[in-house]
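Visitor: I am new to reading protein models, and I would like to understand how the words used for them are justified. Could you take me through this one slowly?

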Amino acid sequence: MTQLFFSDHAAGPAAGRPLVIFGAGGLGREVLGLVQQINEAHPAWPVRGFYDDVAPATPTVAGLPYLGTGADLNATDELLAVAVAVGSSAGRAAVVARLTSARLAFPALVHPGVALGPRQRIALGEGCLVQQGCLLTCDIRLGRFVFLNLGCTVGHDAVLGDFCSLMPRANVGGAARLAPGVYLGTGATVIQGVGVGAYTTVGAGAVVVRTLPARATAVGVPAAVIKQHA
Ligand SMILES: CC(C)(COP(=O)(O)OP(=O)(O)OC[C@H]1O[C@@H](n2cnc3c(N)ncnc32)[C@H](O)[C@@H]1OP(=O)(O)O)[C@@H](O)C(=O)NCCC(=O)NCCS
């Protein structure tokens, strides 16, 4: 996993490229809002439009054009920056696996109000999206394509693997470890030091107090496994 500290990533090589959003649904429009907020603070990304495998009902989305499918995006002859606006961890991983063109770059996009200074020693992988209102303290590692939706908190020494997805107001305690692909529903909490296995889903409002296995669904307070997937 290639990871850079955020201060390195902020001046990444894709800066200034036209940016497109993969995902023309509601989350895509929210990610457009994130990019617009970044641009208001410091003009960085001219937004070109949306790609999605399913064409939207209208030719434009939030005033920007629908540009084609994932296959079209992968066949581009332009150098583009891409934000992957797919909320499901597995769905986002599947999209990224198909976007293999060397012309595509996946910058980390962080709301300008989220503090990520060098003294916090926070590392982000490519493609991370960090929405408004998130609070991250120090010595945290986010893998590739981690999505922190609105108002999430992440404590000291936490590690979030590739493609983890935290829905609004989810909380990850100090030194907690989320394996790749973990999905935390709205308002879910993982207390300090606890691990969650790969591609496990934690339901909205749940509190994880003991390590959860991989590929499970857990709900409630304390969180209990209700489904174990193959
Ligand atoms: C946990 C979750 C993934 C389960 O979805 P599912 O696999 O389709 O499960 P079901 O809806 O069949 O529910 C199974 C059981 O768990 C219960 N349940 C579902 N979600 C629950 C939750 N968050 N907390 C407590 N119980 C929950 C259901 O009531 C049902 O109980 P029953 O068998 O006694 O009737 C889903 O309900 C959830 O919480 N998703 C997070 C949504 C979210 O935060 N979205 C963010 C959008 S920005």
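Visitor: How do you know how far apart domain 1 and domain 2 lie?
Guide: The C-alpha centres of domain 1 and domain 2 are 23 Å apart, and the domains themselves, residues 8-107 and residues 110-225, have bounds that come from an automatic or database domain assignment. This is a predicted model, in which local features need pLDDT of at least 70 and side-chain atom pairs count only at pLDDT 80 or more, while totals for chains, interfaces and linings use all residues. Residues are numbered from 1 along each chain as its sequence is written.

Visitor: What makes residues of domain 1 and domain 2 count as in contact?
Guide: Two residues are in contact if their C-beta atoms, placed from the backbone, lie within 7 Å, and by that test 16 residues of domain 1 are in contact with 16 residues of domain 2. On the side of domain 1, the elements that give two or more residues are α2 (26-41), β6 (80-84) and α4 (89-98), where helices (H or I, at least four residues) and strands (E, at least two) are DSSP runs numbered from the N terminus.

Visitor: Why is the protein called as compact as a globular protein of its length?
Guide: The globule rule, 2.2 Å times the number of residues to the power 0.38, is set against a radius of gyration taken over C-alpha atoms. For 230 residues the rule gives 17 Å, and the radius of gyration of the protein is 17 Å, so the protein is as compact as a globular protein of that length.

Visitor: What makes a residue count as buried, and what share of the protein does so?
Guide: A residue is buried if 20 or more other C-beta atoms lie within 10 Å of its own, exposed if 12 or fewer, and partly exposed in between, with C-beta atoms placed from the backbone; 42% of the 230 residues count as buried.

Visitor: How do you know that strand β13 pairs with strand β16?
Guide: Two strands pair if DSSP finds at least two bridges between them, and 2 bridges join β13 (residues 147-148) to β16 (residues 165-166), which run parallel, so the condition is met. L166 in β16 is the bridge partner of L148. Both strands belong to an open sheet of 8 strands with mixed pairing, in the order β8-β10-β13-β16-β19-β22-β24-β25.

Visitor: Why are β8 and β25 called edge strands?
Guide: Each of them, β8 (109-110) and β25, pairs on one side only.
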